[in-house]
Amino acid sequence: MSLPELALRRPVTTVAATVALVLLGAVSLGRLPVSLLPDVTLPVLTIRTNFPGAAAPEVSRFIAEPIEEAIAASPGLVELRSVSRNGQATTTARFSWGTDMAATVLNVRERLDNARARLPERAERPTLLTSDPGERPIAILAITGSGDLRSLARTAQEVHARRLEQLDGVASVAVVGAPADEIRIALDPDRLRALGLTPGDVAKAVTDANVGAPGGTVRRGQFRFSVRALTEFTTPAEIGNTPVGPAGSGIRLADVGTVSLGAADPKTVVRLAGAAALGLVVYKDAGANTVAVTRHLYDAIATLRTEFPDARLTVVAAQAGFVTDALSNLSQEIIAGGVLSILVILLLMGSVRSSLAVALIVPLSVLISLVLLQALHVTINVLSLGGLALGVGLLVDNAIVVAEATGRLTEVGTPPFEAARVAAEEVTGPLVAGTLTTLLVFGPIVFVRGLAAALFRDLSLSVVATLGVSLVLALTLMPVLIVGRGAEGPPPRWYAALLSRLAPAGRRLAEAYEHGMMWSLARPRAVFSLSLAGLLITIGMAWQLPREILPQVDEGVVVATLKLPEGTALEETVRQVSRFEDAAGRLGATNVYGRVGAATDEEILAGVDPGSPATAQLIVSVPPGRSAAEFADALRQALPDLAEGALALDLAGQSEFGSLIGREGRVVRVEVTAPRPADAERWADTARAALSTIPTLADVRDAYSGTQPVVEIDLDRDQIARRRLTVARVADALAGALGGVAASELRETDRRTPITVRLAGNANENLAAALASVVGGVPVGQLVTARETRAPIEVVRVNQRPVTVVEAVAERGGTARAARDVRRALTARTPAAGVTWFVGGADVERQRTASELTLVAVLSVALMFLVLAGEFASFTTPLLVMTTVPLAGAGGIALLWLTGQSLNAVSLIGLIVMIGLADNEAVIKLDAIQRFRARGHSIEEAILLGGRQRLRAIAMTSLTTIVGVLPLAFGIGGGGQLYQPLAAGVIGGSISATLVTFFLLPTAYAVVERWKERKA
């Protein structure tokens, strides 16, 4: 007993089983996690090692090089990159996709522990970090108020941050820009010199007077009591009474300086709309529901606004907004596509019951497939929903074929039950073979490595699950619904009238098809020539298409990174940020958020650059009615001096897309290596000038800082020894006069305030005043020699060799064209002897992705061929199908070219889908033709009869596929641009697939069969 017959004989069981699975699917729908992207763990590890007080060259030599040597032999390592800055080394290890990162983390940590003995004693233990796009902040808040920023910061740290961290799903909240309290001892340099003291002497006196010491115990009778020695300062005023200078001199600290409680020199400044502010950066737990966490976050924000009206909370950026918009818009497009498909079915099917039965298959397939998706740990994200949207156009194909075959038998008088059974059994073979060939397009993607495979695993599983479920429902539930509880009554009058009006048009189209088919059978050479010409034109269009990994997505946010020359003071960076804010304001932007200076520890752990006084990051919401690209171009034109190398704009916003398809997804890098750093710097300048002339690039700049002026101090060790001084004492005197020295801290109940000793006023950063300082009765200037020179700020190494890096962003034309233009521009210039260069960046990953998808295509073709060979019991017919069907992708390429889309992983998947769909239609049509051939008809008669029999079914599947993805083609709303290439590929491919199935394939089949007859 066949599966359709079993379902028809037990209709209640079939319906009950379907309803049970639908209920499970409804439960899964409410429990599936919601996120923007699938859970993607990038095969990247970052090692941060602090080496306090060391310059960049020493950090590179004593930290970066030993760490690189230790982990260079790690299995699966693809690229090793290190950046050494003053006091810190950051080593990034990139592994091949598919590497077991859990085992790799343990392996690398073990290697780092073994290399610990080779690092300097002053170096801190290396910190190993993993890379996860989900670790990016889900929200950035700003707090402003009319009062003192220090008191506002205390409220933010003790109330706002703690309240938000208590929310379910929130991992941490970083407070950015909070001014730190400091007790500053400002010393008069003239008085110090007169008394022969240095800031270090004063700091030592304060430290010695502020020690915590146990007081011991006393015994009284049978009891022992502890004794508290009140040796620590309790108020800042007590510090001024500290004795300084020689013993018995009676000199107090208040005689040589002042003590005040205030704010320390800021390391980070946060601004909102041009005013001072504080930032709250919110991070979520791994795997937490972004939308649910943000909803709770907004509730907490509303409560905090009520409790603290003076602390104004502003939501600068919230990832959930884009996530909600993207998923909502995609869901609406899925529904719209489904409704359009149902309307097409009603117009072409000619039966209300069959049309409603086909329409019911779509939501049932989606709901039941959710059970499978939950078991496969697939989340609800823009890619899994995209798979469902793609499936809407494909889900009805199997049901349409069953309904059309049943209706054809019913029209000739076959009873409904027998018609449903015979029709379902007749098409079971070709439907299973056709669906398998479509599934085989997506199946191999699950096993492919690379960023695209990691992202599109959810999309592939969604399509595979929904199509598999739709096949089962088409062969079981569909016949039951068509038969129903009795004969179908007459259609409504309006429906019958509509069908009668459309019938003549349908007959004319059928006649036109038959005339076209007869013309094709009579002129095979003309058909093949037209097909070849179309193929050559398609190849030319494909060659001109931009190539990139993923399409650009406009989130309505521009993230600007400002990088001024290293050594720029924080105040000057703030001034340049103010210029940027003014320019953005004139262009219509409001509430521009900026962070100037160093990043917080939480931001660094999430992968943010540590920052410096010369750097800033700004978040700008694009004004309504403007695209992010247009707004970014306007900003560059408004700030031409900054746009020449200091300003970089990222259009991907702050969401998880930012780490995958943002600036890093479009960057082009030129890495220059030379025996001498000076030669590399000169060639890098040449490369930068060449890149600036390429119109497809923007934001050309040095990827890392080069050199900056520094003052080097040489110590006269003989003179220091003759004066009976030590090198450490002279160095402490210089450090105290330039920047100040720490002198313990003031401990209070729940707070510790550092005490800093420094020279008063501008003398604190004055080299002349520092050299005039007296140590041991001798001016420091007599013991040292100062000279100005230039020293590297950052030392960059790639794969254990020093490099100089110039980078730019592929603004238009795709990364492949940008990389090709860069190679052409650099090849035209002759480098100095020993200088080598390499063009890298995002195009390397694009090439890797393209090769992986090529492997998918080859594997899919091989598997499809084997399935077809089993279906037709022949190797000739599958070979014929595999030769002609790939031409179905020509329409997709043409529509991509006409709509200005790029060739990327999304559009390639759309083209592959259409080849699978064309293969499905070809199987159904060839099966009908061979059935008529088996009944004794000639080749031409069998082709015409088979084509006429499958004409309506193939036309309906093509039309439903087109209208099912049509809403995606407009790219409306957040995330809509991600699916425009896919929709263009599917729509264009559907048109060309229909032409191939209608005319090219039967013509080729006729030529082959005639050749077989002549040969026989």
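**Exercise 1. Find what share of the 1016 residues of the protein counts as buried.**

Start with the cut-off: buried means under 20% relative accessible area, exposed over 50%, and partly exposed in between (1.4 Å probe, protein chains only). By that rule, 52% of the residues in the protein are buried. Before going on, please note that this is a predicted model, where local features need pLDDT of at least 70, side-chain atom pairs count only at pLDDT 80 or more, and totals for chains, interfaces and linings use all residues. Residues are numbered from 1 along each chain as its sequence is written, and side-chain values use heavy atoms, with hydrogens and water left out.

**Exercise 2. Check the span of helix 11 against its expected value.**

First, locate it: helix 11 covers residues 352-375. Helices are DSSP runs (H or I, at least four residues) numbered from the N terminus. Next, take the expected span, 1.5 Å times one less than the number of residues. For the 24 residues of helix 11 this gives 34 Å, and the end C-alpha atoms lie 36 Å apart, which agrees. Finally, look just past helix 11: histidine 377 has a positive phi of about 60° there.

**Exercise 3. Do the same for helix 32, and find where it bends.**

Helix 32 (residues 980-1015) holds 36 residues. Its first and last C-alpha atoms are 49 Å apart, close to the expected 52 Å. Now for the bend, the angle between axes fitted to the seven residues ending at a residue and the seven starting there: helix 32 bends by about 40° at valine 996.

Definitions and conventions:
Helices (H or I, at least four residues) and strands (E, at least two) are DSSP runs, numbered from the N terminus.
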